[in-house]
Amino acid sequence: MKPIYTFIVIIAFSNFVFAQDNADYYRPVFPKPVGSKPYNAESLLKTFGDVRVTNRWYAGANGFVRTDKNMLNNTLDGIIATKSPASYGYSASVGWISHEQWAVEAEFARSPIHNVLLINGANPLSYKFSNDKNSLILRGKRRLLFGKSSLRRSAFWIGGGIGIVPNSGKTKEYLEFSGYKERGRRQAIDTLFITSDTRTNAHFTGLAEVSAEYVLKVSRAIDLSFFGRKQWGMGNSLTTNLVYYVNGLETQTAKITSDGSGWSFGISLRYMMHIGYNFDKMNHSFKLRKEAKNLTDI
């Protein structure tokens, strides 16, 4: 009976060793605890270190505050003035990023360009006029982390762009003002009259800009950007022409113009529509693991 028991023990031990060997061979490359979430592309790549991204497509919604630089060429003897106003705007954008180094972005904005007319006097008056509020911008951007690999991470970006401002050529506002002014004690009183005609340009005008932004990676599909931009207008989008009459006679003219020059500061929320990954590092790891397994078998 002793040989039979010995034979049974040998068979049981052999089965145990064989099972352990198979368990090692078929063990998953990326073991996960029971009940945990399955791997996605990014978490799988993270098991090998940093994630390399070849390209990304995103859509963004943007809100900002911008300023206009108004220009006045004549105060009409100190009766009128202007100022550079601030206003709110919003836009939608779509962009493409290559290897986390370069980006191209197109933006459609609803952002007014203003003229402000101030009438000085005992009771000062203020009037604000705006253009058709539309603009289209195409900008290129560069990440400041030069020499780094294609890692998606929070970073500073700088950029520049050009754009167009469609204009309808329509009259936005026509106003008339009248008043009186004494020449001096016991002298005649002059009747003053001012007309104000505000129109948009009959043609497209242009914009040029430089920008800086900090892009914060919120999640795999969401980025948050905080940006500042300086813009220069190329051609007046909005013009207010004023004519000054004294006792019914035209004596002077003035003009307030706005071309879109100014600053804007805002925030952008971006959703990743597509992310392309570089799997070279993963393939290399699989190859090393396979070679190590072959050496073990030998």
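Strands, as the term is used here, are DSSP runs of E with at least two residues, numbered from the N terminus. The model is predicted.

**Exercise 1.** Determine which strands each supply at least two residues of the lining of the second largest pocket, and describe that lining.

*Solution.*
1. The volume of the second largest pocket is about 280 Å³.
2. Its lining comprises 16 residues, and those closest to the centre are Ile79, Ile119, Asn120, Ser178 and Gly179.
3. At least two lining residues come from each of β10 (171-182) and β11 (189-200).
4. β10 provides five residues, the largest share of this lining.
5. Sorted by class, the lining holds ten nonpolar residues, five polar and one charged.

**Exercise 2.** Establish which side chains of strand β9 (residues 155-165) point to the buried face.

*Solution.*
1. The cut-off required is that buried means under 20% relative accessible area.
2. The side chains of β9 alternate along the strand.
3. Ala155, Trp157, Gly159, Gly161, Gly163 and Val165 point to one face and are buried.
4. Phe156, Ile158, Gly160, Ile162 and Ile164 point to the other face and are not buried.

**Exercise 3.** Identify the strands that pair with β9, giving the sense of pairing and a residue opposite Gly163 and Ile164.

*Solution.*
1. Strand β8 (residues 134-143) pairs with β9 in the antiparallel sense, over eight bridges.
2. In this pairing, Gly163 of β9 has Ile137 opposite.
3. Strand β12 (residues 205-217) also pairs with β9 in the antiparallel sense, over eleven bridges.
4. Here Ile164 stands opposite Gly206 of β12.

Definitions and conventions
Residues numbered from 1 in each chain as written. Predicted model: local features only at pLDDT ≥ 70, side-chain atom pairs only at ≥ 80, totals over all residues. Heavy atoms only, no water. Buried < 20%, exposed > 50% of the residue type's maximum accessible area, 1.4 Å probe, protein only. Helix = DSSP H or I, 4+ residues; strand = E, 2+ residues; numbered from the N terminus. Pairing = 2+ DSSP bridges. 1 Å grid on protein atoms, 1.4 Å probe; cavity = no way out; pocket = protein on both sides within 12 Å on 5 of 7 lines; lining within 4 Å. Points joined across faces, edges and corners; volume = space filled by probe spheres on them. Nonpolar A, V, L, I, M, F, W, Y, C, P; charged D, E, K, R; others polar.
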